[in-house]
Amino acid sequence: MKDFSWIALFSNRLSLGRWVRARYALGLLLGLGALASCSGLKYIPEGSKLYTGSTVKIEAPEKLRNQDALQTELESVVRPKPNSSILGQRPKLYFWHLGVGKTKGLGHLLADKFGEAPVLISAAQPAATQKLMVNRMQNRGYFHGAASSETVTQEKTAQVNYTVRPGQQYTIKEIIFPQRDTLIDAAIRGTQAETLLKVGDPYDLDVLTNERVRIDKALKDQGYYYFNASYLLFQVDSTLDGRVAVHYRVIAGAPPKATQPYWLKTISLNTDYSLADTVQENPIRYQKYLYYPDEKMFKAKAITRAVFLYPDSLFRQYRRDQTLSRLMSLGTFRFVEIKFRPSAAGDSAGRAQLDSDILMTQLKKKSLRAELQLISKSNGFTGPGLTGQFRNRSALRGAEQLLVNAVASYEVSTRAPAGAEGRGNSGLLSTEFGLDAQLIVPRLIAPNLPFLNPRLVNSNFQPRTNFGAGIRYVNRTGYFSTTSYSANYGYAWKTKITNEQELKLIDVSYNAVSTDTAFNRVLRTRPFLKQAYTSQFILASSYHYTYNQQVLEKRRQQIFFQGQAEVAGNLANALTKATNARTDTLGRRTIAGQPFAQYAKFDLELREYYRISPKATSGNRIVGRLQIGVGLPYGNSSGGSLPYIRQYGIGGPNSIRAFAPRQIGPGSYHPVANSYVSNYYDQVGDLRLEGNLEYRQDLFPYVKGAVFVDAGNIWLVNNDPDRPGGQFQASTFLQQLAVGAGAGLRIDVQFFVIRFDYAFPLRANYGVPDDKSGRLNLAIGYPF
C-alpha cells in the first residue's frame with residue numbers, strides 16, 4: 001500500500017472554478033503570443049540592420065576526415081549570436097520594445113523578463129572571427145588554412161557568410177619520449193605504452209593537451225607530488241611531406257622538487273578538527289599513525305580502514321583521492337581535508353619525504369527528526385500521520401550508522417459506497433503503527449577470500465554491511481488486522497561512481513493475519529484474496545544492480561539501468577523436505593505450522609535521457625523508460641500467485657498518469673462497478689510491462705514543461721476465474737495495454753521539484769475507457 005504526502009490530496013480533477021481560471025490564463029498567454037508574433041524588424045533603429053546570423057562553408061578538394069566535427073567547431077566561434085526566432089518571428093524584440101525608455105511599470109517588467117535587445121550587424125567582427133577560425137584549423141593540424149568572409153545585406157537585415165579553406169591536414173610521423181638519464185625522464189618513458197598519440201593520426205592540440213594531463217596523473221601516482229602538467233613541453237617539428245615529429249621535453253625551468261619522487265613519513269588523523277582549534281592534544285599511536293584526539297567517538301581501527309595513505313610508502317595521488325572519497329562516504333563527517341608538507345625529519349636513504357595531516361570535521365553524532373503529515377493512500381484512506389527518525393552516526397564507535405524509524409497513522413476512507421472494503425468505500429477506519437531499525441556498518445563483514453578482499457582496495461567507495469529488523473501493525477476496523485515482522489542482512493558496495501550493487505543474503509518476513517466476520521464473507525467469494533490474506537512466511541534472497549550515468553552530468557546521452565533478481569522459499573523447502581516437516585490441508589510445507597511462499601521474481605528498468613541542446617545546463621531533453629517485471633510462483637506457491645505484498649500494481653502519478661493507482665488490469669479484466677469486493681485488491685498481478693516517453697522543455701527560470709505518453713499493464717501467471725482475461729497470453733497482450741497522454745508543468749528549484757501532470761486516457765486495458773475525462777496529478781519530484 002503506497003503512502004503519499006498531504007500534497008497528494010489535491011491530485012483530483014480541477015474544480016469548475018479552477019478550470020475557468022486556467023482557461024482564462026491560457027487565453028491570456030495565447031493573446032500575448034499572438035501579439036508578440038512579429039518579425040521585429042520595425043524596432044530596428046534607422047540606418048541599422050538586424051544581424052540574422054552566419055553560414056560557414058568548408059571548401060576542400062574532397063571530404064575531410066572528421067569534417068562534421070570541424071564544421072561544428074568553426075561555427076562555435078562565430079560571434080555574435082543572432083536574436084532568437086520562432087518560424088521567422090522574433091517575439092522577444094517586441095517585449096524589448098515595450099521597455100524602451102522605461103525604468104518601471106509593466107513594460108519594463110516584460111522587457112526585463114522576456115525581452116531581448118536587437119543584435120545589429122555592427123556588432124559582428126568578421127576579421128576577428130576569421131583569425132579564430134584559422135587558429136582552430138591549426139589546432140586540428142591544418143597549418144596552412146585560410147578564411148574569408150562576405151557580408152550580404154537586405155533592406156533591414158544582414159548576414160555574414162564565411163568560407164574556409166583548410167588545406168592539407170598534418171599527421172604524426174614520429175613520437176620521441178625524453179631520452180635523458182634522469183629519474184623524471186625515465187618515469188615519463190615508463191608511461192609510453194599508454195600514450196594517446198599514435199603514428200599516422202592527425203595532429204590535434206586537444207590530444208596533446210590530454211596527453212599532458214595523462215602523464216601528469218601517472219607521475220603523481222608514482223610519487224612526483226610537486227610535478228605539474230605545465231612542466232611538460234611538446235616540440236613539434238613539421239616536414240615538407242605534411243607530417244610532424246613530436247618530441248617530449250621537461251622544461252629547463254622545472255624546480256628540482258618537481259623532478260623527484262616523494263615518500264610519506266608521518267601521517268596524522270584528526271577526527272575532530274575545527275578551525276577554532278588552538279590546542280593540540282597528544283595523539284595516540286595506532287599502526288604508525290598519529291591519531292587525534294582519542295577513541296571516545298571513533299575507534300582508530302574504524303577510521304584507518306578508510307585510509308589508503310600509509311607511512312613509509314610512496315606518495316600516490318589516486319590513494320589520496322581514494323582516502324578522501326572513502327572518509328566522506330562514511331557519512332559521519334561534514335568536511336575532510338588532506339594536507340601535505342615537506343617533512344622536516346631526514347631520511348637515511350636520502351629520499352624526499354612528505355608529512356600528511358588528514359583533517360575531519362564531524363557531523364552531529366545524534367539527531368532526532370519528527371514530521372506530522374496528512375496522508376492520502378492509493379486506496380482512498382486519508383488522515384493524520386506521524387513519522388519520526390532517530391540517527392546515531394557512530395553507534396558502536398566504528399562509524400556505524402543506526403537509524404530507528406517510527407510511524408503512526410489514523411485514517412478514514414472517504415468515498416462511497418458503504419459496505420465494500422477498498423477504494424470505493426467510506427467510513428472505514430484504519431490505524432497503523434510501525435517501528436524498524438537499520439544498522440549500517442561501513443565495511444564488509446566477510447572472510448578474506450582469495451577472490452575477494454573485503455576492503456575492496458581498488459574502490460573509491462566504502463562498502464557496507466546492512467542489518468535490519470522491523471514490525472508493523474495495521475488494523476482495518478471491522479475487517480482485518482495484520483502484524484508484519486521482518487529481518488534482513490546483506491551487503492552494498494560500489495566499484496565505480498556509476499555502478500552500485502546490493503546483495504541481501506537474508507530477507508525474512510512473516511505476516512500474521514487476523515480477519516473479522518465481515519471480511520470473511522469477502523474471502524469466501526474470492527479465493528485469491530483468501531490466499532493473499534493467509535498468515536505466511538517469506539524467506540527470500542535478492543541481488544540488485546544499478547548502472548547510472550546521470551552522475552556524469554556533462555554527458556549528452558545518459559543511461560540508467562536497474563536489475564533485480566529475488567528468490568524465496570528454496571532453502572526453506574529443502575530444509576522442510578530433509579526434516580519431513582508437516583504440510584497443511586492444501587499440501588503446502590510449513591514452518592512452525594505456517595506455510596511459506598516460494599517464487600522467483602525478476603525486475604528490469606531501463607531509462608535513457610537525451611539532452612537535445614549541447615549545453616550541459618539545458619533541461620531540454622527526451623526521456624524514455626521501460627519496465628519489465630516477471631514473478632513466477634512455484635513449489636509451495638504452485639498454481640497461485642506471488643504474495644500480495646510482492647505483486648505488481650500499475651497507474652498513478654509515477655506510472656500511467658491517466659489512471660489512478662491500481663486502476664489497470666490485470667490483462668483485460670474489467671471490474672464490475674460498485675461490486676461488493678473492491679477492485680483495489682483485484683487489480684494486481686504477477687507480470688508487468690510499462691513504457692513511458694516524455695519530452696521536457698525549459699520554459700522560464702525554475703519552470704519546465706513536458707508532454708508525455710504512457711502505456712502498460714499487468715497480468716497473472718495462472719488463470720483466476722474471478723478475474724476473466726487476467727492471465728497473460730502472448731497473442732493478445734499488446735491489445736491489452738492501457739495508454740494515456742498529457743502535458744505537465746514542473747517547478748524545479750534543483751533541490752525540490754513540484755510536478756503538475758494532466759493526462760487523458762486514450763485506451764483502457766479492456767478497450768474504450770468508461771471515463772474519458774482527464775486526471776490531474778500533483779506530485780513531488782520527477783516520475784523517472
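Tutor: Helices and strands here are DSSP runs, numbered from the N terminus: H or I over at least four residues for a helix, E over at least two for a strand. The model is predicted, so local features need pLDDT of at least 70 and side-chain atom pairs count only at pLDDT 80 or more, while totals for chains, interfaces and linings use all residues. Residues are numbered from 1 along each chain as its sequence is written, and side-chain values use heavy atoms, with hydrogens and water left out.

Student: Where is Y702 found, and what is its phi?

Tutor: Most residues other than glycine have a negative phi, and most peptide bonds are trans. Y702, in the loop between β26 and β27 (703-715), has a positive phi near 70°. Y702 is exposed, at 54% relative accessibility; the classes are buried (under 20% relative accessible area), exposed (over 50%) and partly exposed in between, with a 1.4 Å probe and protein chains only. R662 has a positive phi as well, near 55°. R662 sits in the loop between β25 and α13 and is buried, with a relative accessible area of 15%.

Student: Which residues are joined by cis peptide bonds?

Tutor: One cis bond joins R79 and P80, with omega about -5°. P80 belongs to the loop between α2 (67-76) and α3 (91-98). The bond from G665 to P666 is cis too, omega being near -5°, and P666 lies in the loop between β25 and α13.

Student: How many salt bridges does the structure hold?

Tutor: Side chains of opposite charge can pair when their charged atoms come close. A salt bridge is counted when a side-chain nitrogen of Lys or Arg is within 4 Å of a carboxyl oxygen of Asp or Glu. The structure holds 29 of them.

Student: Are the partners K63 and D68 buried or exposed?

Tutor: K63 and D68 are both exposed, and their side chains meet in a salt bridge at 3.8 Å, N to O. R320 and D321 form another, with the closest N and O atoms 2.9 Å apart. R320 is partly exposed at 22% relative accessible area, as is D321 at 32%. D720 and R723 pair at 2.8 Å, N to O; D720 is buried at 10% relative accessibility, and R723 is buried at 3%. Elsewhere, shared partners link R657, E694, R696, D710, R746, R755 and D757 into one salt-bridge network.

Student: Which residues of helix α10 are buried?

Tutor: In α10 (residues 517-525) they are A518, F519, V522 and L523. Seen down the axis, these buried residues fall within an arc of 140°, so they line one face of the helix; the arc is that of the directions from the helix axis to the C-beta atoms. T517 and R524 are exposed, on the face turned away from the buried side.

Student: What does the side chain of N636 reach?

Tutor: The criterion for a polar contact is a pair of N or O atoms within 3.5 Å; within protein, one must be able to donate a hydrogen and the other to accept it, and residues adjacent in sequence count only if both atoms are side-chain atoms. The side chain of N636 reaches the backbone nitrogen of R589 at 2.8 Å. N636 and R589 are 47 residues apart in sequence, yet 6.6 Å apart in space, C-alpha to C-alpha. N636 lies in the loop between β25 (621-633) and α13 (679-682) and is buried at 10% relative accessibility.
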